[in-house]
Amino acid sequence: MTNAATATVSLNKFEKFKAEKDGLAVKAELEDFARMGWEAMDETDREHRLKWLGIFFRPVTPGKFMMRMRLPNGIITTNQMRTLAEIVQRYGCDGNADITTRQNFQLRGIRIEDLPDIFCKLKSAGLTSIQSGMDNVRNITGSPVAGIDADELIDTRGLCCQVQDRLTNNGEGNPAFTNLPRKFNIAIAGCRDNSVHAEINDIAFVPAYKDGILGFNVLVGGFFSAKRCEAAVPLNAWVPPSDVVGLCIAILELYRDRGLRANRQKARLMWLIDEWGIDKFRAEVEKQLAHSLQPAAEKDEIIWEKRDHIGIFSQKQPGLNYVGLHIPVGRVYAQDMFDLARIADVYGSGEIRLTVEQNVIIPNIPDSRLKAFLAEPILQKFSINPEPLKRALVSCTGAQFCNFALIETKNRALETIQELSAELSLTKPVRIHWTGCPNSCAQPQVADIGLMGTKVRKNGKTLEGVDIYMGGTVGKDAHLGSCVMKSIPCEDLKPILQDLLIQRFGAQLKEK
Ligand code: SRM
Ligand code: SF4
């Protein structure tokens, strides 16, 4: 690999350990790790390099690792779901999994001793967790109703899989893309409502017509970090679907070889775009491709408000429906996963989809089976018609498992919403996103109300608190919200949220 990392003058700690040994190298050492146990492992292998295989050491629960999968376009078969459920049940000491804000699964409580077995099971199920952490491309997101949406423009399923297969060498690992300067996100939108938050990805494809042909306008450089958050900017390029993979590869090679590596806080793609300017960046992409890019189509086709896909919807296939189930803050247990797989088999076609709002869609349910489907007990837990405040609640992992967290998020988010829902009535959902620290994994900047964990001082004590973000919009004309209130102790938050919901979102106090 002709990698700029080796030529960088001052290498940060991460660049140094990557130069010493590629992250992917630990794949060959799994049996050894399993034999020696996590405590005897080299610290860098344990805490960093294992992330190249999707295995995350959790300082909060030492010895119990988290496993992050890759599910291109957020699609999983019921057999695969059962495989994950079995892993959680048999090997996961904490017995749960989370649906992530990138249409993906993370499994909890994995022990290093079980990794060889677990990887065998994943492989037989056609699943992979490879290259899902650290300086790799994350799960490729696509329209959650690709191929079934009556109003779809482009079916993103094949494209997401092709991009992933190229980047990971069909799940085996691809050293050509394991030493990027930083993490990297790619999203492919195929519908009119931007249900993948295209604008917050390093590369985003949004549907657009050019000379009557349907393809994608391309946006680049979107990202969130503790230091800086930016929406993606237009590359002034339009590509037909057949050029999506090639363009991703060209941009990634450019980023890999010329991206900034000295300071990890300034290593995401947008920093390179800033340094070069978008025109030079575009010209360099063309050089990498060895052909010119077509200018962007005048307008894209993102013209709808964002949908949340919860409820019952007719598909483009006559007589079939997809049903979106609300999964509170994305948390599921092994039994839930088995139950979801069962109903998707009995009523659907053996497929399950995940959304970036951490919810589930069961596609391909015939009209004649809907009534019986709706009577399934699991729908009491995972509702198709949740209350407006619960419906759009998103939360990152938070302090229970994440060592970056400044606050507990998932449980607190649920409790707060429970209390607010008991007191307020709303006619429309309000998108409330809880994120445990400024890394912004739960994207508070795209929420109606974003809550970002922080530490606050009150009466001489340090408490868990939040900064409040507002004004994030999604769908057409999406733009990022900004911080409107700082350092609110969590214990004082409820009345503030209540006030905001009444003043800004038309909530009414329920009669007691
Ligand atoms: Fe994230 C790091 C969880 C989506 C920005 N993120 C982490 C780590 C790995 C930190 C760690 O090692 O503990 C968290 C793992 C906690 C755990 O145990 O679960 C973590 N991020 C998550 C997930 C699980 C949140 C969730 O509850 O859904 C999401 C997993 C997605 C996936 O399937 O791959 C997740 N993270 C995001 C997103 C949202 C997105 O991609 O749309 C962002 C903002 C968008 C972006 O990346 O530009 C995000 N995560 C970060 C950052 C800040 C990146 C930066 O450039 O500074 C970090 C910290 C880092 O990379 O240094 C981080
Ligand atoms: Fe952890 Fe912070 Fe990301 Fe939440 S936002 S998962 S606390 S890194």
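Lys18 has two side-chain partners to look at: its side chain makes polar contacts with the side chain of Glu15 at 3.0 Å and with the side chain of Asp135 at 2.6 Å. Bear in mind that this is a predicted model. Beyond Lys18, the briefing covers the two domains, the two ligands, the nonpolar cores and an exposed loop residue.

**Lys18 and its surroundings**

- Lys18 sits in helix H2, which covers residues 13–20.
- Is Lys18 buried or exposed? With a relative accessible area of 4%, Lys18 falls under the 20% cut-off and therefore counts as buried.
- Leaving aside residues up to four places away in sequence, Lys18 touches Trp52, Asp135, Asn179, Leu180, Pro181 and Arg261.
- Asp135 thus turns up in that list of touching residues, and the Asp135 side chain is also one end of the 2.6 Å polar contact.

**Two domains**

- The protein chain splits into domain 1 (3–289) and domain 2 (390–509).
- Measure from centre to centre, using C-alpha atoms, and domain 1 and domain 2 come out 27 Å apart.
- The two domains do touch: 21 residues of domain 1 are in contact with 20 residues of domain 2.

**Ligand 1**

- Both domains take part in the shell around ligand 1, with at least three residues coming from each of domain 1 (3–289) and domain 2 (390–509).
- There are 32 residues around ligand 1, and the ones that come nearest are Thr100, Arg108, Lys183, Thr397 and Cys441.
- Sorted by type, that shell has 10 nonpolar, 13 polar and 9 charged residues.
- Which side chains place a polar atom by an oxygen atom of ligand 1? Arg102 does so at 2.9 Å, Gln106 at 2.8 Å and Thr397 at 2.7 Å.
- As for secondary structure, the elements giving two or more residues to this shell are strand S2 (65–68), strand S5 (105–110) and strand S10 (223–224).

**Ligand 2**

- Around ligand 2 you'll find Cys396, Thr397, Cys402, Phe404, Ala405, Thr435, Gly436, Cys437, Asn439, Ser440 and Cys441.
- The ligand 2 shell breaks down into 6 nonpolar and 5 polar residues, with no charged ones.
- Thr397 and Cys441 are worth picking out in the viewer: they are among the residues around ligand 2, and they are also among those that come nearest to ligand 1.

**Nonpolar cores**

- The largest nonpolar core holds 56 residues, and Leu50, Phe105, Leu107, Leu325 and Met337 have the most contacts inside it.
- Helix H11 (residues 334–346) is the top contributor to this core, giving 7 residues.
- What does Leu325 touch, not counting residues up to four places away in sequence? Its partners are Leu340, Ile343, Asn359, Val360, Ile362, Phe373, Leu379, Phe382, Ser383 and Ile384.
- There is also a second, separate core of 42 residues, with Leu254, Leu269, Met270 and Leu272 among its members.

**An exposed loop residue**

- Asn459 lies in the loop between strand S21 (449–458) and strand S22 (461–470).
- Why does Asn459 count as exposed? Its relative accessible area is 73%, and anything over 50% is classed as exposed.
- Asn459 is 42 residues from Ile417 in sequence, and the C-alpha atoms of this pair are 26 Å apart in space.

Key: Residues numbered from 1 in each chain as written. Chains lettered and ligands numbered in written order. Predicted model: local features only at pLDDT ≥ 70, side-chain atom pairs only at ≥ 80, totals over all residues. Heavy atoms only, no water. Core = buried A, V, L, I, M, F, W, Y, C linked by side-chain atoms within 4.5 Å. Buried < 20%, exposed > 50% of the residue type's maximum accessible area, 1.4 Å probe, protein only. Helix = DSSP H or I, 4+ residues; strand = E, 2+ residues; numbered from the N terminus. Contact = heavy atoms within 4.5 Å. Near = heavy atom within 4 Å. Polar contact = N/O pair within 3.5 Å; in protein donor to acceptor, adjacent residues only side chain to side chain. Nonpolar A, V, L, I, M, F, W, Y, C, P; charged D, E, K, R; others polar. Domains from an automatic or database assignment.
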